[in-house]
Amino acid sequence: MKPRLVMCNMFPEVEEIKAFALENGFAGIDWSFALEDLPKTPLQESRWAREQAGLLPFEVRYHCPFHQIDLGHDDPDIAANAAALFCRIIRLVSKVGGRYLSIHIGLGLDSTGPLSWETTLDNLRRLVQFGASHRVTVCLENLAWGWTSRPNLFEKLIRQSGAGVTFDIGHAYVCESVRSLQYTVEDFVSPHPGRVFNAHVYHAEVPGQGHLPPDNGEDMADRLSLLQKAGCDWWVIEIREPDGLLQTKRVIEAWLPSEDASLRRQTASSSSIASS
């Protein structure tokens, strides 16, 4: 499985995004919506759809990094407004032929206090079903804190809602449940065979600095190997600064041949043992 290395919509104009992707050999675009830029009228929706068509022939997948917009808020009106917003975005994504949408639970909050577990699960399940009716797979991303930072709770949300997985390796690297050795990074993906559809790839997320690139392949080797074992081939290099983005891409491309060679040696060794 050779991963596709993908960039974010890091420039304001579609033409610039496409030109940068072509020039630097990216295989797709991960489009993060901004609340303030969402089309508000049918005319604006049509204009947005034409702009998205300008990214062809790249595959585009979609992402909702919305702070404090939560399906599971314990205020029913806030939760309903969030659900309506996500349904509206699913319709937009479906309109342009998009097939994947990543969302979060608890993004921008510093406590799960305002959230209801039951409401979160019920509304996430409904959203997944709504997405499926529009041929859009709704994926849940693990965060560095909160329910989705704990593999046991993340597993329940995925299994009981039917959502796909967007695995953020930087969040997994710094979350307390892994740093305390209560869980391993692998625990985020091993319960979900065939359900890890997207990966956000960078070294670590540091407060005040954002997403950091790796210095070398060893910085991310275990997590990248885990992605390959999970069968995820959509690797979004989630760095929006060009130098850091391209540095990360070079590190991954240099690591991949050595990883492939290692796997070939392991396979050959296993075959030799089996034959003897």
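## Helix α1: two sides

Let's start on one side of helix α1, where Glu15, Leu22 and Glu23 are exposed. Keep in mind as you look around that this is a predicted model.

Which residues of α1 are buried? The helix covers residues 14–23, and its buried residues are Val14, Ile17, Phe20 and Ala21. Looking down the axis of α1, you would find these buried residues within an arc of 135°, so they line one face of the helix. Glu15, Leu22 and Glu23 lie on the other side. Just after the helix ends, you meet Gly25, which has a positive phi of about 75°.

## Strand β6: covered both ways

Now move along the chain to strand β6, residues 164–168. This strand is mostly covered, with five of its five residues buried. Which way do they point? Gly164, Thr166 and Asp168 point one way from β6, while Val165 and Phe167 point the other way, and all are buried.

## The neighbours of β6

Two strands pair with β6, so to speak, as partners to explore in turn. One is β5, residues 137–141, which runs parallel to β6 and is joined to it by three bridges. Here Leu140 stands opposite Val165 of β6. Helix α5, residues 151–161, belongs to this picture too: β5, α5 and β6 make a right-handed β-α-β unit.

The other partner is β7, residues 196–201. How many bridges link β6 and β7? There are four, and the pairing is again in the parallel sense. Asp168, one of the buried residues of β6, has His200 in β7 as its bridge partner.

Methods: Residues are numbered from 1 along each chain as its sequence is written. This is a predicted model: local features need pLDDT of at least 70, side-chain atom pairs count only at pLDDT 80 or more; totals for chains, interfaces and linings use all residues. Side-chain values use heavy atoms; hydrogens and water are left out. Buried means under 20% relative accessible area, exposed over 50%, partly exposed in between (1.4 Å probe, protein chains only). The arc is that of the directions from the helix axis to the C-beta atoms. Two strands pair if DSSP finds at least two bridges between them. A crossover is right-handed if, with the strands pointing away from the viewer, the path from the first strand over the helix to the second runs clockwise.
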